[in-house]
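Please read the following report alongside the sequence and the structure, taking one region after another.

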Amino acid sequence: MDKFDQKIVNLLAENSRRSIASIGEKIGLSRTAVNDRVQRLHQSGEIEAFTLKLKSPDNKNLISVYFQLTFRPFILNAIMTQLNNIPEIKQAHSLTGDTDLILYIQAGSMGRVNDIREQLCQLDSLDKLQTFTALQKII
C-alpha cells in the first residue's frame, strides 16, 4: 500500500460514503485512478467492507441491565431467533455452571426493561430468570 492508498483508506475510514471524485480532489488523483485503487484495495482484502456507523446514543440516559437465564433443557439454537429480535441486547454469552446465558442490555426506560423481561419470560424451557440493574459504571 503506497501513500495514495493510505490516504484513500484514511478518507474512507472517516466517511465510507465519500465520493470517489471528492477523494480524488483531496489527494490529487483523477477519479478513475482513485476508483481503480479502491477496487484493487477491496479485491486484495485491504478493504473488507464499506459500513455505516450510527451516531452513538448518549449513554447517560440509558439503563444498563444484566439478565441471567437458566433453561431446562438449554438449547441455544432454539432461542437465538427470539434473542435477535431484541435490539437492546448489546452482549450475550452462554456460560458454564448454573447459569446458561447472561445478557447485557441497554434500554431507554424502565418500561422498556420490563417489556424485555416479559419477552424473555416467554422463552421456551426457561427455568429461572434473574434481573440485575447496574447502578453505575466503574471501569
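Gln122 is exposed, with a relative accessible area of 60%, in a model that is predicted. The place of this residue is in the loop between α5 and β4, and although Gln122 and Gln82 are 40 residues apart along the chain, their C-alpha atoms are separated by 9.6 Å.

The helix before that loop, α5, runs over residues 110–121 and therefore has 12 residues, reaching 16 Å from its first C-alpha to its last, which is close to the 16 Å expected at 1.5 Å a residue. Its buried residues are Val113, Ile116 and Leu120. They cover an arc of only 65° around the axis, and so they lie on the same side of α5. This can be read against a general property of the α-helix, which has 3.6 residues a turn, so that residues three or four places apart point the same way. The cover over the buried residues of α5 includes the strands β1 (63–71), β3 (101–107) and β4 (126–133), together with the helix α4 (76–84).

Among these buried residues, Ile116 of helix α5 has a relative accessible area of 1%, and because buried means under 20%, Ile116 counts as buried. When neighbours within four places in sequence are left aside, Ile116 is in contact with Phe67, Ile86, Glu88 and Ile105. Of these partners, Ile105 is 11 residues from Ile116 in sequence, with 9.2 Å between the two C-alpha atoms.

Elsewhere in the chain, two other helices meet. Two packed helices are described by the angle between their axes and the distance between the axes. The axes of α1 (residues 3–14) and α3 (residues 31–44) come within 10 Å and cross at roughly 80°, and these two helices are therefore roughly perpendicular to each other. By class, their contact has 7 nonpolar and 3 charged residues, with no polar ones. On the side of α1 the residues are Phe4, Asp5, Ile8, Val9 and Leu12, and these meet Val34, Arg37, Val38, Arg40 and Leu41 in α3.

One of the charged residues in this contact deserves a separate look: is Arg37 buried or exposed? Arg37, which has its place in helix α3, is buried, with a relative accessible area of 17%. Leaving aside neighbours within four places in sequence, Arg37 is in contact with Asp2, Phe4, Asp5, Ile8 and Leu29.

The accessible areas of the three residues are listed here.

| Residue | Relative accessible area | State |
|---|---|---|
| Gln122 | 60% | exposed |
| Arg37 | 17% | buried |
| Ile116 | 1% | buried |

Terms used: Residues numbered from 1 in each chain as written. Predicted model: local features only at pLDDT ≥ 70, side-chain atom pairs only at ≥ 80, totals over all residues. Heavy atoms only, no water. Axes fitted to C-alpha atoms, helices over the stretch in contact; angles between N-to-C directions. Helix = DSSP H or I, 4+ residues; strand = E, 2+ residues; numbered from the N terminus. Parallel < 35°, antiparallel > 145°, perpendicular 65-115°, else oblique. Contact = heavy atoms within 4.5 Å. Nonpolar A, V, L, I, M, F, W, Y, C, P; charged D, E, K, R; others polar. Buried < 20%, exposed > 50% of the residue type's maximum accessible area, 1.4 Å probe, protein only. Arc of directions from axis to C-beta.
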